Number of protein chains: 2
Amino acid sequence: MSVYTSVTKQALTDWLAGYALGELVDLKGIAAGITNTNYFVTTTHGRYVLTLFEALQLHELPYYLQLMSHLSRHGVACPAPVADNTDRLASMLCGKPACLVTCLDGADVSEPSATQCRALGEMLATLHRAGDTFTLKMKNPRGPRWWSQAAQTLYARLPDSDAAMLRAEIQLQDSHRFDHLPSGVIHADLFKDNVLMKGEAIAGFIDFYYACNDVLLYDVAIALNDWARKADGTIDDTLARALLDGYRKVRPLTAEEEQNWPVMLRAGALRFWVSRLLDLHFPPAGELTFTKDPAVFRQLIVDYSRRTDFWL
Amino acid sequence: MSVYTSVTKQALTDWLAGYALGELVDLKGIAAGITNTNYFVTTTHGRYVLTLFEALQLHELPYYLQLMSHLSRHGVACPAPVADNTDRLASMLCGKPACLVTCLDGADVSEPSATQCRALGEMLATLHRAGDTFTLKMKNPRGPRWWSQAAQTLYARLPDSDAAMLRAEIQLQDSHRFDHLPSGVIHADLFKDNVLMKGEAIAGFIDFYYACNDVLLYDVAIALNDWARKADGTIDDTLARALLDGYRKVRPLTAEEEQNWPVMLRAGALRFWVSRLLDLHFPPAGELTFTKDPAVFRQLIVDYSRRTDFWL
């Protein structure tokens with residue numbers, strides 16, 4: 001359940017008077033997402049998604065909202081923020097920073113086909129290319145420095161074997177530098193539940209609130225680790241190959257990217273292994289988090305450490 | 001038939017490589033519109049409208065394209081131009097300035113209902129409000145100076161009674177000044193064939209290439225003169241009232257606007273009476289113009305000169 005802040009029809013009607021969107025017809029809470037409050041808002045002009053930010057502050061929103069605006073202007077399938085009559089993309093509602101974005105058709109898939117993985121790869125590369133002309137910048141708050149610090153708080157809580165493996169994995173990543181690889185705007189959280197599909201086509205990427213500037217290949221690794229992962233926790237070769245093929249058709253990888261690809265896949269797995277371990281051992285107070293299993297990412301790292309074919 | 005410039009699949013494929021829109025799937029000429037060449041373009045990412053400008057030059061396009069971009073960002077239903085990988089909204093294709101915009105669902109209506117007229121008025125007021133924060137400017141090339149000059153070339157071609165009426169009508173307009181009325185961005189050509197409807201709702205305004213900065217009320221008059229005009233050439237009171245009510249719900253008229261409203265309706269009629277007379281007596285060389293009947297606007301002026309109720 002993700003409605004932390006209740007919005008009344010009256011409060012929303014008053015707020016909507018600042019927009020050129022006609023009159024409020026319907027308001028319905030959305031029971032997905034764990035960080036923010038989301039509503040479907042229907043007006044006489046159409047259907048929108050209202051987000052009230054429970055953690056991000058108003059001054060932190062421009063990067064994400066302008067990015068979505070920029071990407072949709074370039075044809076990348078994603079929600080487009082709607083500007084109010086004074087040209088702002090966000091303002092306060094019920095005490096929280098709030099924005100309206102266009103509502104996309106489509107639904108997320110739990111078992112994507114190879115065609116869907118190919119489309120995903122293609123759209124991700126499209127996002128990376130369209131990001132080239134986006135001028136705002138945001139550091140990745142979930143990089144090597146973050147996972148090294150997080151690991152320090154985790155070691156004491158983990159079984160010895162897991163702690164040893166985490167330590168070794170962080171050392172492995174420390175011994176590789178990715179600074180020279182192509183970088184730009186990345187989604188950084190392109191799991192299956194952040195993509196709406198309409199049949200075999202991408203209806204839209206959603207939830208851009210982890211987006212940042214970082215190495216592009218890291219984004220490919222994060223996406224592949226979720227999209228091509230089978231129920232048994234291992235990677236499906238056909239899905240992985242389809243995703244990579246789709247990506248490379250739009251943005252071919254450099255020789256250096258290909259060389260770093262196996263370690264990058266492990267970096268993508270490490271990032272989520274660590275964040276899920278944190279959620280498990282240090283659950284955020286007051287939040288109704290769906291605790292997701294950290295073990296799938298540990299298993300993925302083991303899988304990668306034994307693999308020789310990385311679908312290139 | 002409005003395909004003046006032929007675009008091959010190969011030429012379009014090369015041009016689309018500069019966009020983040022996936023691969024070309026289909027290309028189909030659109031047989032509507034009389035000024036530019038239009039195609040439906042389907043790519044792996046979606047459906048778009050390609051316009052090749054036959055008269056406007058590349059440096060003249062930013063006002064129109066940025067305006068559509070601005071309006072759609074504010075929730076006004078209209079096509080959104082797609083930016084290429086270097087962030088341009090238009091570039092040359094087959095020797096013509098060309099742009100891609102999103103494709104809207106819906107179709108134009110020839111006999112609108114009162115509900116549709118109300119929705120039209122509401123969306124037009126929305127456009128006027130959203131135009132407040134648009135910073136580019138464009139003079140109206142079809143204003144009093146233009147119709148006075150055009151009339152000089154027409155008098156000799158017209159039957160005496162028509163020439164006398166045209167002269168009197170221009171004098172009437174000259175005796176009124178609208179400079180003090182609220183002004184801003186206007187569409188300036190919001191006839192029924194420039195609006196796509198989806199049931200009772202506005203799917204989108206199209207064809208913004210007469211848009212300019214002028215008196216807002218002039219735009220309302222132009223729209224009403226087409227939307228509320230019956231087959232017999234007179235205005236339907238119910239449709240006119242619905243359109244005005246829809247408009248005023250979003251942007252109430254000032255006392256001065258109400259006072260000038262009857263003359264403004266005649267200004268809107270005069271503008272199209274003159275342009276249609278020009279098309280009839282001086283058809284543009286080489287263009288396959290559908291010559292539209294000027295007499296409907298002369299008749300409308302007669303109708304207005306006898307009327308006392310203007311639905312306020």
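**Entry 1: the two copies**

I began by laying chain B on chain A: the fit has an RMSD of 0.0 Å, after a turn of 180 degrees and a shift of 0.0 Å along the axis. The superposition is by least squares on the C-alpha atoms of residues with pLDDT of at least 70 in both copies. This is the relation of a two-fold axis. I then looked for the C-alpha of chain B nearest the axis and found B:Arg73, 4.7 Å from it.

I note that the model is predicted: local features need pLDDT of at least 70, side-chain atom pairs count only at pLDDT 80 or more, and totals for chains, interfaces and linings use all residues. Residues are numbered from 1 along each chain as its sequence is written, chains are lettered from A and ligands numbered from 1 in the order in which they are written, and side-chain values use heavy atoms, with hydrogens and water left out.

**Entry 2: the contact between the chains**

I looked up how many residues each chain brings to the contact. Chain B gives 28 residues and chain A gives 28 residues; contact means heavy atoms within 4.5 Å. Of the interface residues of chain B, 100% are also interface residues in chain A, so the copies meet through the same surface.

Next I took the area. About 2200 Å² is buried between chain B and chain A, and carbon and sulfur atoms give 41% of it. Buried area here is the accessible area (1.4 Å probe) that two parts lose on being put together, summed over both. In chain B, the residues that lose the most area to chain A are B:His45, B:Arg73 and B:His74, together 27% of what that side buries.

I counted polar contacts too. There are 16 residue pairs in polar contact between chain B and chain A, both residues at pLDDT 80 or more. A polar contact is a pair of N or O atoms within 3.5 Å; within protein, one must be able to donate a hydrogen and the other to accept it, and residues adjacent in sequence count only if both atoms are side-chain atoms.

Which elements give two or more residues to the side of chain B that touches chain A? They are helix 2 (62-73) and helix 3 (114-130) of chain B. Helix 3 of chain B gives the most, with five residues. Helices (H or I, at least four residues) and strands (E, at least two) are DSSP runs, numbered from the N terminus.

**Entry 3: salt bridges across the contact**

I found four salt bridges between chain B and chain A. The term means a side-chain nitrogen of Lys or Arg within 4 Å of a carboxyl oxygen of Asp or Glu. B:Arg73 pairs with A:Asp87, with the closest N and O atoms 3.1 Å apart.

I followed A:Asp87 further. A:Asp87 sits in the loop between helix 2 (62-73) and strand 4 (91-93) of chain A. Its phi is positive, about 75 degrees, although A:Asp87 is not a glycine. Most residues other than glycine have a negative phi. A:Asp87 is partly exposed, with a relative accessible area of 28%. On this scale buried means under 20% relative accessible area, exposed over 50%, and partly exposed in between (1.4 Å probe, protein chains only).

I also noted a network of salt bridges that links A:Glu23, B:Glu122 and B:Lys249.

**Entry 4: salt bridges within chain B**

The whole structure holds 34 salt bridges over all chains. I checked B:Arg298 and B:Asp162, whose side chains meet at 2.9 Å, N to O. This pair links distant parts of the chain, 136 residues apart: B:Arg298 is in helix 9 (residues 295-306) and B:Asp162 in helix 5 (residues 160-174) of chain B. B:Arg298 is partly exposed at 28% relative accessibility, whereas B:Asp162 is buried at 13%.

B:Glu257 and B:Arg251 form a salt bridge at 2.7 Å, N to O. Are these two residues buried or exposed? B:Glu257 is buried, and so is B:Arg251.

**Entry 5: B:Leu217**

I ended at B:Leu217, in helix 6 (residues 216-227) of chain B. B:Leu217 is buried, with a relative accessible area of 0%. Leaving aside neighbours within four places in sequence, I found B:Leu217 in contact with residues including B:Leu181, B:Glu257 and B:Trp261.
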